[in-house]
Amino acid sequence: MAGFKTLDDIDAVSGKRVLVRVDLNVPVADGKVTDATRIERIAPTISELSGKGAKVILLAHFGRPKDGPSAEFSLEPIARATADVLGRPVGFAADCIGDKAAGAVAAMKDGDVLLLENTRFYKAEEKNEPAFTEKLAANGDIYVNDAFSAAHRAHASTEGLAHRLPAYAGRTMQAELDALEKGLGDPVRPVVAIVGGAKVSTKIDLLMNLVRKVDALVIGGGMANTFLAARGTDVGKSLCEHDLASTAKQIMIEAAEAGCAIILPADGVVAREFKAGAASETVAIEAVPADGMILDVGEKTVKTVTDWIDRAATLVWNGPLGAFEIEPFDRATVAAAKHAAARTKEGKLVSVAGGGDTVAALNHAGVADDFTYVSTAGGAFLEWMEGKPLPGVEVLKR
């Protein structure tokens, strides 16, 4: 973290009002948080600042409100869940600016924690309007960003505040940036990337960036079919973007020029219908039936993938190898994930994974806790893998 300011760079926080941007965009059903993972991840920053006597004021968004304040998108239920995770009271202010926010902040004692209402109740938040940013800044002396997941957005609470207050990365942001630096910034080689998912069209920038940075790129999921078809393989009725054949060819050309090995399926698990328990067979990739769909890679391909994982010192993973959501098409993803987890536990591999489907797949395999780092950042993780600068991170540089 030599390039970024962190909590270690703050002289003292006792008595200071510290505005902490966090990610509380958590799933809620019937007024209750159903998955507190994101709250648990920000707990170390909140507890550290509170323990040092800071007045910790949390800023967050929730959902995508379109018409101003509404009970549906209120953060009030999340304040209660945050208190449960922290094991201490968390106050709530019914606004993020103005008299309600100012009054709640003024009533705080050293060490108190307060959550302000959804910043996206104001359109000025996403527009990063200076006047709105000033109103947010009026309630703080120091700004800490602990929401890497929102760092790809140049919003008032994620980027604007860093220009108006002394700005630092929180512990979760610090851990994320450390892990990403180990993954692609300054990795130990060889580096292998696994990229899966349905479509090439959503990951063109990602693939173009990776072929210049990694030693081998494993392509799985539906997007592998587009590469296979571009290579002249008949993929039957499999999901395939035939119109992107030229793009796939260009990616393969650039990979060859960069010395990056492209690993495509050698065999596939094929079914005639996409449903759990559907009758399936494993065939050589050149022998896919005209009426068949490739829904997973076969054992031969899994062996190739695990062999590359064995060669790797660093693994970056985004996207499953097959339709892991339904059995039996989860087998390849589970096998590769368990193999990577075992190598990581042995101290032989740095493994960094991220993306919604990836996190779900690793949880399905029961190995998410065994990877070096699993990012829950979604869009920000993908943009980082694409090599794009993240506004909320850039402003924290020394």
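This is a dialogue about reading some features of a predicted model.

Me: Where should I begin with the sheet, and in which order do its strands stand?

Reply: Six strands make up an open sheet, and reading across it gives the order β5-β6-β4-β1-β7-β8, with parallel pairing. At the edges are β5 (91–93) and β8 (167–169), each of which pairs on one side only. From one strand to the next the twist averages 25°.

Me: Which strands does β1 join, and by how many bridges?

Reply: Strand β1, residues 17–21, is joined to β7, residues 142–145, by four bridges, and these two strands run parallel. Towards β4 there are five bridges, and here too the strands run parallel. You can follow the pairing residue by residue: V18 stands opposite I142 in β7, V20 stands opposite V144 in β7, and L19 stands opposite I57 in β4.

Me: What should I expect of the side chains along a strand, and how many residues of β1 are buried?

Reply: The general idea is that side chains in a regular strand alternate between the two faces of the sheet. In this structure β1 is mostly covered, since four of its five residues are buried. Helix α1, residues 37–51, lies across β1, β4 (55–59), β6 (113–116) and β7, and its direction makes an angle of about 150° with β4.

Me: How do I describe two helices that pack together, and at what angle do α11 and α12 cross?

Reply: In general, a packed pair of helices is described by two values, the angle between the axes and the distance between them. For α11 (residues 331–345) and α12 (residues 356–365), the axes come within 9 Å and cross at roughly 80°. Angles from 65 to 115 degrees count as roughly perpendicular, and therefore α11 and α12 are described as roughly perpendicular to each other. On the α11 side the contact is made by T333, V334, A337 and K338, and on the α12 side by A361, L362, H364 and A365. These contact residues divide into five nonpolar, two polar and one charged.

Me: Which residues meet where α8 and α9 cross?

Reply: The axes of α8 (residues 221–230) and α9 (residues 245–258) come within 8 Å and cross at roughly 85°, so this pair too is roughly perpendicular. From α8, the residues T226, F227 and A230 meet A245, A248, K249, I251 and M252 of α9. The residues of this contact divide into six nonpolar, one polar and one charged.

Me: Is I253 in α9 buried, exposed or partly exposed, and what about G222 in α8?

Reply: I253, which has its place in helix α9, counts as partly exposed because its relative accessibility is 42%. G222, found in helix α8, is buried, with a relative accessible area of 15%. Leaving aside neighbours within four places in sequence, G222 is in contact with G197, A198 and L239. The C-alpha atoms of G222 and I294 are separated by 8.0 Å, although these residues are 72 residues apart along the chain.

Me: What surrounds N318 in strand β15?

Reply: N318 belongs to β15, residues 314–318, and counts as buried at 5% relative accessibility. Its side chain reaches the backbone oxygen of G354 at 2.9 Å. Apart from neighbours within four places in sequence, N318 has contacts that include I194, K203, L206, T358, F381 and M385.

Me: Which backbone angles should make me stop and look again?

Reply: As a general guide, most residues other than glycine have a negative phi, and most peptide bonds are trans. In this model the peptide bond from R189 to P190 is cis, with omega near 0°, and P190 has its place in the loop between α6 (171–185) and β9 (191–195). A cis peptide bond also joins E327 and P328, where omega is about 5°, and P328 is in the loop between β15 and α11. As for phi, D30 has a positive value near 55° and lies in the loop between β2 (28–29) and β3 (32–33). N128 likewise has a positive phi near 55°, in the loop between α4 (123–127) and α5 (130–137).

Me: Are D30 and N128 buried or exposed?

Reply: D30 is exposed, with a relative accessible area of 81%, whereas N128 counts as buried at 19% relative accessibility.

Notes:
Residues are numbered from 1 along each chain as its sequence is written. This is a predicted model: local features need pLDDT of at least 70, side-chain atom pairs count only at pLDDT 80 or more; totals for chains, interfaces and linings use all residues. Side-chain values use heavy atoms; hydrogens and water are left out. Two strands pair if DSSP finds at least two bridges between them. Axes are lines fitted to C-alpha atoms, for helices over the stretch in contact, and angles run from 0 to 180 degrees between N-to-C directions. Contact means heavy atoms within 4.5 Å. Buried means under 20% relative accessible area, exposed over 50%, partly exposed in between (1.4 Å probe, protein chains only). A polar contact is a pair of N or O atoms within 3.5 Å; within protein, one must be able to donate a hydrogen and the other to accept it, and residues adjacent in sequence count only if both atoms are side-chain atoms. Angles under 35 degrees count as roughly parallel, over 145 as roughly antiparallel, 65 to 115 as roughly perpendicular and the rest as oblique. Ala, Val, Leu, Ile, Met, Phe, Trp, Tyr, Cys and Pro count as nonpolar, Asp, Glu, Lys and Arg as charged, and the others, Gly among them, as polar.
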